[in-house]
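Visitor: I am new to this structure and would like a close look at one part of it. Please choose a good place to start and lead me through its surroundings step by step.

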Amino acid sequence: MLLIRDLAQVASPAGRAAPLRGAALGEVDVVEDAYVVCDGDTIRAVGRMRDLAPVDGDVVEIDGRGLCAIPGLVDCHTHAAFAGDRVEEFSLRAAGTSYEELHARGGGILSTVRATRAAGENGLRDAVERHRDRMLRHGTTTFEAKSGYGLDRDTELASLRAIGNAGGVPTWLGAHAVPPEFADADAYLDFALAEVLPEAAAVAEAADVFLERGAFDATQARRYLEACRAAGLVLRLHGDQFTEQGAITLAVELGARSVDHLEATGEDGVRTLAASDVTAVVLPASALFLGRPMPPARALVDAGAAVALATDFNPGSAFCESLPLCCSLAATQLKLSPAESLAACTVNAAHVVGRPGLGRLAPGFRADVVLLDAPDWRYLAYHLGGDIVRRAIVGGVP
Ligand code: NIG
Ligand code: FE
């Protein structure tokens, strides 16, 4: 048993439903002067200190004075399986070269593909573990990560294994870019679907595609996703990052779990997503890092869409492991309340990765708890780039 006592506040998305939409996204239960009791890897009770009943058995206690507890954060969109860096390109971009120009010149994603292929299985395993540990320091207790920097059979499968072995939720981003050894996207997809999908489907939980000019078009994305769905994978899309190419209608038609990015989404897209079961995953750190317009998150929430918030952690478009920073950006750039941000990177993100037992501090949920070094849980968004995560408890283990 683990007792976290004398907490300034415990904050958790209200209710039991997932994903949350509309007004429900902004409802957070806050208990002041509170405790959390965990029994093994499960939360047993949450309440006010004055109502705390004696906890029997072997009890480890954590002193929560001056701290706030929130659910462990869930990062539902990262590209943590990469080696090397893109600091050189970052400097070029600072001097004015665009991300799409670098990509068209064979840099961008393909430069990380070269480094990732060269890393080997052990190098990749070390990289994913290092990235996971950094995410954890920012309060991420569950992470999804995509392959997509291998684009050959061995490196894609090694990426998925490294993610799974590090405790992450693996997504096969087999359609991220066309590697140089193939003449075009169709030839690459012939290979990927015949040679990689059968084994990828045994390791990954979802499939993802970069549907964008210069990457894969809607016809190619449909082909890839239909094959992945037939192999039992959940479907996700990188859509509307730079241009609208039909990602939202395709996502709705194929019953995808999410469409992610949405910086270029217009009013029709907002309406279509709001009327669907597809979750909109917004990635404000990526928009900020590339100097792109922010996604229409406020309009999506107001229209009734299910919205989740993630880092997009990767070396090229979002070198950022911090969900608290994304919550700050969500407040200042996307006009989401701290409560909406909290739900978006806990319970709604848990829905995106198919983990309904995560994302709330309530009896029966998994004992993933983040202790914020703050007198009010809203410092999660308020403290811009602050060092606010004091401690994380993962599956009941501090
Ligand atoms: O989500 N847009 C496509 N993929 C990634 C970036 C990958 C990279 O630049 O290495 C993204 O932004
Ligand atoms: Fe991404």
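Guide: Two strands are said to pair if DSSP finds at least two bridges between them. With that in hand, let us start at strand 10, and please keep in mind that the model is predicted. Strand 9, residues 206-210, pairs with strand 10 in the parallel sense, and 5 bridges join the two. One place to look is Phe210, which stands opposite His238 in strand 10. Strand 10 itself is mostly covered, with 5 of its 6 residues buried.

His238 is a good residue to follow next. Which residues hold the iron ion (ligand 2)? His238 is one of them: its NE2 atom coordinates the ion together with NE2 of His77, NE2 of His79 and an OD atom of Asp312, at 2.1 to 2.2 Å. Along the chain, these donors follow the spacing H-x1-H-x158-H-x73-D. The pair His79 and His238 thus links distant parts of the chain, 159 residues apart: His79 lies in the loop between strand 6 (73-75) and helix 1 (87-94), while His238 sits in strand 10, residues 234-239. Are these two residues buried or exposed? Both His79 and His238 are buried.

The iron ion has ligand 1 as a companion in the model, and Asp312 appears in both stories. Besides being a donor to the iron ion, Asp312 has a side-chain N or O atom 2.9 Å from an oxygen atom of ligand 1. Around ligand 1 there are 15 residues, of which Arg86, Tyr99, Tyr149, Gln241 and Ser317 come nearest. Two of these can be looked at more closely. Tyr149 places a polar side-chain atom 2.6 Å from an oxygen atom of ligand 1. Gln241 has an N or O atom in its side chain that is 2.7 Å from a nitrogen atom of ligand 1.

Now step back to see where strand 10 fits. Strands of a sheet pair through backbone hydrogen bonds, either parallel or antiparallel. Here, 8 strands form an open sheet in the order 6-7-8-9-10-11-12-13, with parallel pairing. Its edges are strand 6 and strand 13 (307-309), each of which pairs on one side only. From one strand to the next, the twist averages 25°.

Elsewhere in this sheet, strand 7 (residues 140-146) and strand 8 (residues 169-175) are paired in the parallel sense over 3 bridges. Among the residues taking part, Ala145 has Pro170 in strand 8 as its bridge partner. Helix 4, residues 153-165, packs on the sheet here, touching strand 7 and strand 8, and its direction makes about 160° with that of strand 8.

Back at strand 10, a helix and a strand deserve a look. Helix 7, residues 247-254, lies across strand 10 and strand 11 (258-261), running at about 175° to strand 10. Strand 11 is where Asp260 is found. How well covered is Asp260? Its relative accessible area is 0%, so Asp260 counts as buried. The side chains of Asp260 and Ser258 are joined by a polar contact of 2.6 Å. Setting aside neighbours within four places in sequence, Asp260 is in contact with His77, Arg236, Leu237, His238, Gly239, Val281 and Leu283. Two names in that list will be familiar by now: His77 and His238 are both donors to the iron ion.

One last stop lies further along the chain. Helix 11, residues 323-332, is mostly covered, as 7 of its 10 residues are buried. Those buried residues are Leu323, Pro324, Cys326, Cys327, Ser328, Leu329 and Ala330. At the start of helix 11, Ser322 reaches with a side-chain oxygen to within 2.9 Å of the backbone nitrogen of Leu325.

To retrace the walk, find His238 once more: it stands across from Phe210, is buried like His79, helps coordinate the iron ion and is in contact with Asp260.

How values were computed: Residues numbered from 1 in each chain as written. Chains lettered and ligands numbered in written order. Predicted model: local features only at pLDDT ≥ 70, side-chain atom pairs only at ≥ 80, totals over all residues. Heavy atoms only, no water. Donors = N, O, S within 2.8 Å, 3.2 Å for Na, K, Ca; no water. Helix = DSSP H or I, 4+ residues; strand = E, 2+ residues; numbered from the N terminus. Buried < 20%, exposed > 50% of the residue type's maximum accessible area, 1.4 Å probe, protein only. Axes fitted to C-alpha atoms, helices over the stretch in contact; angles between N-to-C directions. Contact = heavy atoms within 4.5 Å. Near = heavy atom within 4 Å. Polar contact = N/O pair within 3.5 Å; in protein donor to acceptor, adjacent residues only side chain to side chain.
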